[in-house]
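Me: Could you take a close look at a single strand for me, with its neighbours and its side chains? I'd love one connected walk-through.

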Amino acid sequence: MTSHTTPSATPGTAPRRRLLALAAAIACTAALPLQAQTASATGWPAKPVKLVVGYAAGGATDVIARLVAARLGDQLGQPVLVDNRAGANSNVGAEAVARSPADGYTLYVYTIANTINALLYPKLGYDPVKDFEPIGMIARIPNILVVNPRLPIKNLADYVRYAKESKDGITFASSGSGSSIHLSGEMFKMQSKLKMLHVPYRGSAPAVTDLLGGQVDSMFDNTPSALPHVQAGKLRAIAITSAQRSPLLPDVPTLAESGYAGFDVQSWFGLAAPAGTPRAVVEQVNAALNKVLAQPEVRNRLQELAATPDGGTPDKMRGFAAAEIKRWREVVKESGASAE
């Protein structure tokens, strides 16, 4: 029987092969998206992430949440599923998130309403500051001061004159006491010293309906709600509440440039998690969010909604939310606004 001997490996061949295999593995890892590497390093996310929205489907908060959630899921490597928990001016959803495990699998669209609610409600089932971990800002949307076009008001000077000359002053509708729409009007009332009567409604839609019908004179409505009626000529836009003009209404001046320096009121949206969520997870979601907001298609869609993409660090959002609570405290107190 003839024996066969396997040739021995050339000295140094085995270590060289191991080095080549290691180099190939490193190359494959480098080719992976950054978020996949990060997820592997932290072990998160290992399952779908829930994004709670404190309002019903179809509104501005929900539309923005769904736009961001789809692309955030692409960045994180797991689906981000929107969960609508409407009720009590977003308090139902906020409380649910505040009581959720701080493991990164429950996120929340934190809005201007949460900072105002801290002042409106004597008792909340959560703390708007202590119970949340800010992740990052998403976008801001200005309000528009609109009037019924049958009124002799074509600009802010006319609005002021009409309010002064009218025996009963001028009425302004809102989507409810304490809403950003209401408090925009109250802030303007404080600065202008005009006689203005607030007429609250249960939602923006019925308020706009009565404005169109002439039952009320004006409204500081959210841009997405008012814009179609302005474009159709059914409402007249005379000023915008942001510091800069809107690209969608370039001919409509800001209140600041119309004589009310420093006036800048916008509805805003941010991303938050339950307090105690690991810093590594917060930073991972923040990085993913900023990448999403840098995508041209996302920026274009937000701009179509009259929203300005924001972004930034968790600390930026934390400071901004604290400043919002401070600025609205005086307005809420002066207006006498309360939770209905």
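Reply: Happily! Y108 in β3 is the bridge partner of V52, and this belongs to a parallel pairing of β3 with strand β1 (residues 49–53) over 3 bridges. Strands pair here if DSSP finds at least two bridges between them; strands are DSSP runs of E with at least two residues, and helices runs of H or I with at least four, both numbered from the N terminus.

A word on the basis: this is a predicted model, where local features need pLDDT of at least 70, side-chain atom pairs count only at pLDDT 80 or more, and totals for chains, interfaces and linings use all residues. Residues are numbered from 1 along each chain as its sequence is written, and side-chain values use heavy atoms, with hydrogens and water left out.

β3 also pairs with strand β9 (residues 266–274), this time in the antiparallel sense over 4 bridges. There, V109 has L271 of β9 as its bridge partner.

Now for the side chains. In a regular strand they alternate between the two faces of the sheet. In β3, T106, Y108 and Y110 point one way, while L107, V109 and T111 point the other way. How many residues of β3 (residues 106–111) are buried? The count is 6 of 6, so the strand is mostly covered, where buried means under 20% relative accessible area, exposed over 50% and partly exposed in between (1.4 Å probe, protein chains only). Both sets of side chains, then, belong to buried residues: Y108, the partner of V52, points one way, and V109, the partner of L271, points the other.
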